[in-house]
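Reader: I should like to learn how to read a structural model of a protein. Could we work through it one feature at a time?

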Amino acid sequence: MQIAWKSADDGLEVREANHRMMNLLATLLAMFRRSFSRFDDPRVRSSVAQFESQVLAASVLLQTVSCARTEEEDAEVDVYVESLGRALLRAVLGPANIGSEIYSDGGRLAVEICERLGYVIVELVFNASKYTFAGRKDGVVRIEMLRCGGEWRCTVSDNGVGRSAVGRGTGLKIVDGWSDRCRGA
């Protein structure tokens, strides 16, 4: 899927959604720790540690998507995309034995666009990890962010089996909506 961005409006709703998800993950992790803290079986403890590691990786992914920690109005695109790609590898792709390739041209984009772009990329990578690599061990997801004239073009692709064009799920409808908002007027 390719998406071109020109401008964006206020990204407050993106940061709010991110904050709520971070709180939810922290709450779930605390509940999980309480529920399993009484087990002494080393296999249970090992599984709990692995699960905690994956939840923490998901938390880092959410932090990476959000540029809210910066005082800047714009962000280095290549740094952002590379960081996001590494976080996706740890949280989603690595645990599913899927590789990744990330490339981005240098340049700057508004923080709001980077955040929306981040959520779009995350959704597309989640879809690839869920639907395109069943029974395969050589899966690769590629994220490219290229400058094309006055615009940026983001492509998320994979070497998986693909998915039927029949019906678009909720995630892809959200991707469409965020992509439209990033394009501007």
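Author: Let us begin with a single residue. In this predicted model, Gly-107 lies in the loop that joins strand 3 (99-104) to strand 4 (108-110).

Reader: Is Gly-107 buried or exposed?

Author: Burial is read from the relative accessible area, and under 20% counts as buried. Gly-107 has a relative accessible area of 17%, so this residue is buried.

Reader: Which residues is Gly-107 in contact with, leaving aside its neighbours within four places in sequence?

Author: Those residues are Ala-75, Glu-76, Val-77, Arg-147 and Trp-152. A distance can be read in a similar way: Asp-74 is 33 residues from Gly-107 in sequence, and their C-alpha atoms are 9.8 Å apart in space.

Reader: What share of the contacts with a separation of 6 or more is between residues 24 or more positions apart?

Author: Such pairs make up 79% of those contacts in the protein.

Reader: How should the overall arrangement be read?

Author: One follows the elements along the sequence. The protein has five helices and six strands, in the order β-α-α-β-α-β-β-α-β-β-α. Of its 185 residues, 37% count as buried.

Reader: Which residues have the most contacts inside the largest nonpolar core?

Author: That core has 39 residues, and those with the most contacts inside it are Leu-61, Leu-84, Leu-88, Ile-121, Val-125, Val-141 and Met-145. Two or more residues each come from helix 1 (12-36), helix 2 (42-65), helix 3 (77-93), helix 4 (111-131), strand 5 (140-148) and strand 6 (151-158). Helix 4 gives the largest share, 11 residues. As for Met-145, its contacts beyond four places in sequence include Val-77, Tyr-103, Leu-117, Trp-152 and Cys-154.

Reader: How many disulfides does the structure hold?

Author: The structure holds zero disulfides. Turning to individual cysteines, Cys-114 is buried, because its relative accessibility is 0%. Cys-154 is buried as well, with a relative accessible area of 2%.

Reader: Which element has the lowest mean pLDDT, and which the highest?

Author: Strand 1 (residues 2-5) has the lowest mean, 50, and strand 3 the highest, 94. Over residues 5-10 the pLDDT is below 50, although this stretch has 29 contacts in the model beyond near neighbours in sequence. Where pLDDT is low, predicted coordinates should not be read in detail. For the protein as a whole, the average pLDDT is 80, and 77% of the residues score at least 70.

Terms used
Residues are numbered from 1 along each chain as its sequence is written. This is a predicted model: local features need pLDDT of at least 70, side-chain atom pairs count only at pLDDT 80 or more; totals for chains, interfaces and linings use all residues. Side-chain values use heavy atoms; hydrogens and water are left out. Helices (H or I, at least four residues) and strands (E, at least two) are DSSP runs, numbered from the N terminus. Buried means under 20% relative accessible area, exposed over 50%, partly exposed in between (1.4 Å probe, protein chains only). Contact means heavy atoms within 4.5 Å. A disulfide is a pair of cysteine sulfur atoms within 2.5 Å. pLDDT is the predictor's confidence in each residue, from 0 to 100. A nonpolar core is a set of buried Ala, Val, Leu, Ile, Met, Phe, Trp, Tyr and Cys residues joined through side-chain atoms within 4.5 Å.
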